[in-house]
Amino acid sequence: MNEASVGHQCPECVAEGKRTQRQARTAFGGSLAGRAGYVTRGLIAINVAVMVLSAVVGGPRAIAGAGGWFGLMGGQTDVTRWASVLGYAPYVIGGDPHGIAAGEWWRLFTAMFVHYGVLHLLLNMMLLWQLGRYLEEKLGPIRFAALYLLAGLGGNVAAYVFTAPNAPAAGASTSIFGLVLAMIVVNRRLRLDISQLIPLLVVNLLFTFSVPNISIAGHIGGLIIGGVVAFVLAYAPTKRRSQIQAAGCAAVFVVLLLAAVMRTTVLLG
């Protein structure tokens, strides 16, 4: 028997009561488990693990000393070549073509987890740690994961559609830009102050347009899709909210998929 405020209750009665009791949710219908930040921690762990793998495969040049930013950016490795956004690279003598248009569709997903050097990784993970924990708490783990992945996919699709087919692009910044605008949308919906978030958005946009070798299309694409998904999650009506949120996210995914298919048709046409 379990001790209660008045008398005792049998374990079966307690279990039945828990099943019928409505669980507390976030303001947007998510689980309160998001307060622990497990999804944010997991995403950071995946990004770090891929960077370690890239360093093991590519050696010291994968970490730093091979790219821009005064040599602080790393160079390409077999991991980044396999996972980055690459539209279409025609075959060299005796080789096969590579890229999304050549059937390597996984690149639209994997590119958000690979980085060119430790500095590239650290900049993105710092923002993910700050923004991710907040948004995961407000949205819940499942909705936050959907936001992160769709923003990253949106940025990668934009890079595929709007940049040269032989220009590689990679990094979690597609998702991070989506989180920046998502935080503004969420705070606006909660009637919270957003004045400190506007400078963060402006600084990141200035960074995007002023620093060379940055995928402008990828950053802007992630920003827009992150904002759209956040709007769907934050402003879905309370009645049938979960279904509307799921349908909205699915619609965004379908639009991105169609854009990628159309780009492939153009490249192969």
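Accessible area here is the area found by the Shrake-Rupley method with a 1.4 Å probe. Keep that idea handy as we walk through this predicted model. By that reckoning, the protein exposes about 14300 Å², and carbon and sulfur atoms supply 66% of it.

Let's start with the overall layout. The protein has 11 helices and 2 strands. If you follow the chain along the sequence, the pattern reads β-β-α-α-α-α-α-α-α-α-α-α-α. There are 269 residues in the protein, and 43% of them are buried. Now take the contacts between residues at least 6 apart in sequence: 71% of these join residues at least 24 apart.

Next, look inside. The largest nonpolar core has 50 residues, and the ones with the most contacts inside it are Leu128, Leu135, Leu147, Leu179 and Val229. Which helices supply at least two residues each to this core? They are helix H2 (38-58), helix H6 (118-139), helix H7 (141-162), helix H8 (173-189), H9, helix H10 (216-235) and H11. H8 gives the most, with 9 residues.

Zoom in on Leu179 for a moment. Setting aside residues up to four places away in sequence, Leu179 touches Leu128, Leu131, Gly132, Leu135, Phe144, Leu147 and Tyr148. Apart from the big group there is a second, separate core of 5 residues, and among its members are Ala83, Val114, Tyr116 and Ala170.

Now for a residue of another kind. Asn204 sits in helix H9, which covers residues 197-210. Is Asn204 buried or exposed? Asn204 counts as buried because its relative accessibility is 12%, and the cut-off for buried is under 20%. If you leave out its neighbours within four places in sequence, Asn204 is in contact with Leu127 and Phe177.

Finally, let's come out to the surface. Here you can find a nonpolar patch formed by Trp105, Phe253, Val254, Leu257, Leu258 and Val261. Together, these residues have about 520 Å² of accessible area. Pick out Phe253, which lies in helix H11, residues 241-268. Phe253 has 42% relative accessibility, so it counts as partly exposed: that label covers values between the buried limit of 20% and the exposed limit of 50%. Helix H11 is worth a second look, then: it holds Phe253 of the surface patch, and it also supplies at least two residues to the largest core.

Terms used
Residues are numbered from 1 along each chain as its sequence is written. This is a predicted model: local features need pLDDT of at least 70, side-chain atom pairs count only at pLDDT 80 or more; totals for chains, interfaces and linings use all residues. Side-chain values use heavy atoms; hydrogens and water are left out. Patches are made of residues with over 30% relative accessible area and no salt bridge: like charges are joined within 9 Å, nonpolar side chains (Val, Leu, Ile, Met, Phe, Trp, Tyr) within 5 Å. A salt bridge is a side-chain nitrogen of Lys or Arg within 4 Å of a carboxyl oxygen of Asp or Glu. Helices (H or I, at least four residues) and strands (E, at least two) are DSSP runs, numbered from the N terminus. Buried means under 20% relative accessible area, exposed over 50%, partly exposed in between (1.4 Å probe, protein chains only). Contact means heavy atoms within 4.5 Å. A nonpolar core is a set of buried Ala, Val, Leu, Ile, Met, Phe, Trp, Tyr and Cys residues joined through side-chain atoms within 4.5 Å.
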